[in-house]
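The following report considers one helix, one acidic side chain and the cysteines in turn. Please keep the structure in view while reading.

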Amino acid sequence: MVVGLAPAAHGANRTGRVFSGDLSAKFLMAALYQTGFANQPTSEHQGDGLELRDTYICAAVRCVPPVDRPTTGEQQACLPYLVSEIGILPRVKTILVLGHVAFRACLRALAHVKGGPVKGTFSHGAWYNLDAAIPRVVASYHPSPRNTNTGKLSKEEFVALLLEIRQSLSG
């Protein structure tokens with residue numbers, strides 16, 4: 001499972017599919033394709049032939065947040081959807097969270113699933129085995145142009161992280 005922040009105004013909000021039709025999608029899908037999690041390196045719109053493998057993509061917030069910063073109220077209002085998505089996917093072993101906001105939302109959702117507190121501090125590339133009853137969490141910087149164009153997140157390090165996840169799922 002991959003948890004992003006929210007639909008992008010020029011991506012998912014326009015296309016109707018999370019991580020489609022914008023620069024973040026271009027980065028993410030190319031990496032998912034390179035590591036065998038997708039059948040093609042692009043995600044432009046619904047019906048473009050994209051098929052994900054062993055992967056489900058969702059967002060912590062369901063609407064485009066103002067200035068890319070969802071409010072606390074938006075995050076709380078959308079939390080039940082993330083809890084539901086985790087609940088209907090019982091075979092999820094690993095959740096890759098993209099960014100600090102998605103990380104916090106995922107921990108709150110997992111606390112609901114577990115029925116108790118789940119704690120962790122965001123650190124890019126870190127793996128969190130929080131409890132045997134819930135999926136492990138892997139943290140990454142979000143693949144936004146703000147992070148990829150500045151070198152904060154390189155394609156090589158992101159692909160390496162996805163390969164580690166792929167290997168852990170095989171083992």
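Helix α6 has 16 residues (155-170), which at 1.5 Å a residue should span 22 Å, and its end C-alpha atoms are indeed 22 Å apart, in agreement; the expected span is 1.5 Å times one less than the number of residues, and helices are DSSP runs of H or I of at least four residues, strands being E runs of at least two, numbered from the N terminus. This is a predicted model, in which local features need pLDDT of at least 70 and side-chain atom pairs count only at pLDDT 80 or more, while totals for chains, interfaces and linings use all residues. Residues are numbered from 1 along each chain as its sequence is written, and side-chain values use heavy atoms, with hydrogens and water left out.

The buried residues of α6 (under 20% relative accessible area, with exposed meaning over 50% and partly exposed in between, for a 1.4 Å probe and protein chains only) are F158, V159, L161, L162, I165 and R166. They cover an arc of only 160° around the axis, so they lie on the same side of α6, the arc being that of the directions from the helix axis to the C-beta atoms. On the other side, E156, Q167 and S170 are exposed.

Three further residues count as buried:

| Residue | Relative accessibility |
|---|---|
| E85 | 11% |
| C78 | 7% |
| C106 | 1% |

E85 belongs to helix α3 (residues 72-87), and its side chain is joined to that of Y56 by a polar contact of 2.5 Å. A polar contact is a pair of N or O atoms within 3.5 Å; within protein, one must be able to donate a hydrogen and the other to accept it, and residues adjacent in sequence count only if both atoms are side-chain atoms.

The structure holds zero disulfides (pairs of cysteine sulfur atoms within 2.5 Å). The sulfur of C106 has its closest cysteine sulfur in C58, 8.2 Å away, which is too far for a bond.
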